[in-house]
Amino acid sequence: MKEILCSISTRGRYDTTLSLAIQAVINQTKKIDKLIIFDDNDNPKDLREIQMYMYLLQTMDAKGIEWEVLFGQKKGQHYNHQIANTMGYEWVWRVDDDCVPEHNTLENLWKHVGPDVGAVGGSILTPPFAPVENSTGKIENLNSEPNIQWDFIKQKQEVDHLHCSFIYRAGINDYNLSLSRVAHREETLFTYGLKQKGYKLFVVPNAITWHYRNQQGGIRTETEELFHHDEYVFRKNLEIMDKTIVVLDSGLGDHLVFKKVLPDIKNPEIFSCWPEIIPGRSIQEAKDLFGDIDKYNVYIQMDKWKWQDSLENAFRKLYVEKL
Amino acid sequence: MKIVIFPFAKTMRTGKQHPKNYPWWPELIKLLQDDGHEVIQVGLDHETQLVPDFRKNLSIEQLSNLLKETDTWIGVDSFGQHLGWYLGIKGIALFGQSDPVIFGHVENINILKSRKYLREQQFWLWEQAEFNADAFVKPDEVFETFNKTFKNQEKTLPNVLNFIR
C-alpha cells in the first residue's frame with residue numbers, strides 16, 4: 001500500500017495561492033506518493049494549459065510524484081476530503097489551497113506517526129503573526145480559546161482536534177457530509193471523530209504551515225446562514241460523539257433481530273424506522289446530522305463484507321465489535 | 001391445531017410478484033384444513049384472502065397476542081418469521097431465493113428447496129430479482145415437515161415449556 005497522499009481542494013485561487021501550495025508540497029524533504037487536486041471552481045481550467053502549473057506538473061513527473069486533478073462536485077471541500085480519505089492510502093496530508101508548508105513540515109509531522117496515532121498537525125501561522133497563549137486543544141475549550149495551532153508549537157502535545165492542515169490516518173473515520181458547502185468545522189468534527197475511535201491526535205513542533213488567508217475564493221464568500229447550519233450540525237454531533245451511533249434504516253423484521261443485539265451495544269444513540277419496536281430518533285434526523293448514512297445500513301455493509309453469517313451477527317459486527 | 005399463516009412479503013414498488021412469496025398457499029392450506037387444522041391468515045388490506053379468517057392490519061401488539069394464543073405459524077421470509085422467533089414460538093419459514101443461514105433463525109423450521117435457487121446478490125433490493133416458483137418446495141413437503149414437527153404436540157409455546165413437559 002502506498003503511504004502518503006497529499007490532497008488539495010481548491011476554489012477561486014488559480015491566480016493567488018494555489019501554485020504556492022503545490023510548489024511547497026512537491027518540494028518537501030519527505031516525498032509524498034501522490035498529489036490529488038480537487039478543482040471546485042465554477043469554471044475549472046486545464047492546469048496543463050497554464051504555463052506555471054504545467055511546470056509544476058512536469059516537476060512532479062521528474063520527481064516521481066504521481067498527480068491527478070479531479071473536477072470536484074462543488075458540494076464543499078469535505079466531499080473532496082472524503083474521496084481522498086477512501087482512496088486506499090494509509091495516510092493523507094491535507095493542505096488548503098491558501099496554505100504554504102515549509103520545506104520540512106511533512107517530514108516533521110511524519111516523525112510522530114505511530115500505530116496508535118490518528119493525526120498529527122503543526123503550526124498554522126497567518127501573518128501578521130500574533131502569539132497565542134495557554135491554549136489546550138481540548139474540545140471543551142473550543143469556544144473559549146484560540147486554536148493551539150495558531151502559534152509556534154513548542155513541544156509535542158496531545159489534543160482533541162486539529163485545524164486546517166494535518167496528516168491523518170485514512171479510512172478510519174468519515175467526513176461528515178451533512179455539513180453545507182462551506183464545511184464550517186469539518187476538520188474539527190473529523191479529527192475529534194478519529195480520537196473517539198481510539199486514536200491519538202498530536203500537535204508537534206517544527207512543522208509550520210503558513211496560512212496566506214485570502215478573502216477571495218475558498219469558503220469566505222458564502223452566506224452566514226450556511227455557517228449557522230454547520231455550527232448547529234457540529235454542536236449536535238458533539239453531543240453524541242462518544243456514543244455508538246445506530247441507524248436502523250431497514251425493515252420491521254430487522255428491527256426485531258436487532259433487538260436481541262441492543263443490550264450488548266455500548267452507549268447507543270439510536271435512529272429508528274420503527275420506534276414502536278426500537279425507540280429512537282427519526283431517520284431524517286440521522287440524515288441531517290451525518291449526511292451519508294449508508295455506513296450504518298446493515299444490508300449495504302453485509303453486501304460489502306460478502307456476508308454469509310446470520311443477520312444478528314452482522315448487526316453485532318456493525319455495532320458491537322466496531323472500534 | 002390453530003395455525004397462523006403469513007403468506008405474503010411486503011408489496012414491491014414494481015407491483016410484480018414478490019420473489020419471497022410462496023406459490024402454493026391454496027394447496028397447502030387445503031392439506032392443513034383437511035387434516036382438521038384451523039388456519040388464520042394475517043396480512044394487509046390489499047392482500048389476497050386465502051381463508052375465511054383473515055385478520056387485517058393488526059398492530060404488532062395484536063399480532064403478538066394472536067401468535068401467543070395459537071399453536072404455531074407458517075410464513076414466508078418476512079416479518080412474521082422474525083416475530084415468531086422473537087416470541088419464542090416455533091414455526092415454519094418457507095424460503096426460496098433468500099438464504100435461511102442469513103435471514104432465518106435456527107429456532108425456526110426453515111424449509112429451503114435447494115441452495116442452487118438462492119439469488120447471488122442476497123442483499124440487493126428484491127425489485128432486482130425475478131419471481132421463481134421452482135425455488136420453493138411443494139406443499140406436500142411442507143405438510144410432511146409440519147406433521148413431523150408438530151404432530152402429537154399440544155402446544156409449542158414456548159419451546160422451553162415443551163421441554164419441561
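1. Helices here are DSSP runs of H or I at least four residues long, strands are E runs of at least two, and both are numbered from the N terminus. With that settled, A:Asn134 can be placed in the loop between strand 6 and strand 7 of chain A. Phi of A:Asn134 is near 60°, which is positive even though the residue is not glycine. It is also an exposed residue, because just 8 other C-beta atoms lie within 10 Å and the cut-off for exposed is 12 or fewer. Keep in mind throughout that this is a predicted model.

2. Staying in that loop, A:Pro128 also belongs to the stretch between strand 6 and strand 7 of chain A. The peptide bond joining A:Pro127 and A:Pro128 is cis, with omega about -5°. If you are setting up a backbone check, these are the two residues to look up for the cis bond.

3. A:Glu140 sits in the loop between strand 6 (117-125) and strand 7 (157-159) of chain A as well. Buried or exposed, then, for A:Glu140? Exposed: there are 10 other C-beta atoms within 10 Å of A:Glu140. For a sense of distance, the C-alpha atoms of A:Glu140 and A:Leu262 are 30 Å apart, with the two positions 122 residues apart in sequence numbering.

4. Now the whole of chain A. It has ten helices and eleven strands. Its radius of gyration comes out at 21 Å, close to the 20 Å that the globule rule gives for 323 residues, so chain A is as compact as a globular protein of that length. The C-alpha trace spans about 60 × 45 × 40 Å along the principal axes, and 41% of the 323 residues count as buried. Take the contacts in chain A between residues at least 6 apart in sequence: 78% of them join residues at least 24 apart.

5. A quick geometry check on helix 2 (residues 51-63) of chain A. Its 13 residues, at 1.5 Å a residue, should span 18 Å, and the end C-alpha atoms are 18 Å apart, so the two values agree. Right after helix 2 of chain A comes A:Gly64, with a positive phi near 75°.

6. A:Thr244 is in strand 10 (residues 244-248) of chain A. It is partly exposed, because the 15 other C-beta atoms within 10 Å fall between the cut-offs of 12 or fewer for exposed and 20 or more for buried. Which residues touch A:Thr244, once neighbours within four places in sequence are set aside? They are A:Ile265, A:Lys266, A:Asn267, A:Pro268, A:Glu269 and A:Tyr319. A:Tyr212 is another matter: it is 32 residues from A:Thr244 along the chain, and their C-alpha atoms are separated by 39 Å.

7. On to chain B, where B:Asn57 lies in the loop between strand 3 (54-56) and helix 2 of chain B. Phi of B:Asn57 is positive, near 50°, and again the residue is other than glycine. B:Asn57 counts as exposed, with 10 C-beta neighbours inside 10 Å.

8. Two packed helices are described by the angle between their axes and the distance between the axes. For helix 2 (residues 60-69) and helix 3 (residues 79-87) of chain B, the axes come within 11 Å and cross at roughly 65°, and the crossing is right-handed. B:Leu63, B:Ser64, B:Leu67 and B:Lys68 from helix 2 meet B:Leu83, B:Gly84 and B:Leu87 from helix 3. By class, the residues of this contact are four nonpolar, two polar and one charged.

9. Helix 3 of chain B is mostly covered, with seven of its nine residues buried. Those are B:Phe79, B:Gly80, B:Gln81, B:His82, B:Leu83, B:Gly84 and B:Trp85. What do the buried residues of helix 3 of chain B pack against? Helix 7 (252-261) of chain A, plus strand 1 (2-6), helix 2, strand 4 (72-76) and strand 5 (92-95) of chain B. Just after helix 3 of chain B, B:Gly88 has a positive phi of about 80°.

10. Last, the interface. Ten residues of chain B are in contact with 14 residues of chain A. On the chain B side, the elements giving two or more residues are helix 3 and helix 4 (100-103), and helix 3 supplies the largest share, four residues. That side of chain B has eight nonpolar, two polar and no charged residues.

Key: Residues are numbered from 1 along each chain as its sequence is written. Chains are lettered from A and ligands numbered from 1 in the order in which they are written. This is a predicted model: local features need pLDDT of at least 70, side-chain atom pairs count only at pLDDT 80 or more; totals for chains, interfaces and linings use all residues. Axes are lines fitted to C-alpha atoms, for helices over the stretch in contact, and angles run from 0 to 180 degrees between N-to-C directions. A crossing is left-handed if the near helix is turned anticlockwise from the far one by less than a right angle, and right-handed if clockwise. Two residues are in contact if their C-beta atoms, placed from the backbone, lie within 7 Å. Ala, Val, Leu, Ile, Met, Phe, Trp, Tyr, Cys and Pro count as nonpolar, Asp, Glu, Lys and Arg as charged, and the others, Gly among them, as polar. The radius of gyration is taken over C-alpha atoms; the globule rule is 2.2 Å times the number of residues to the power 0.38. The expected span of a helix is 1.5 Å times one less than its number of residues.
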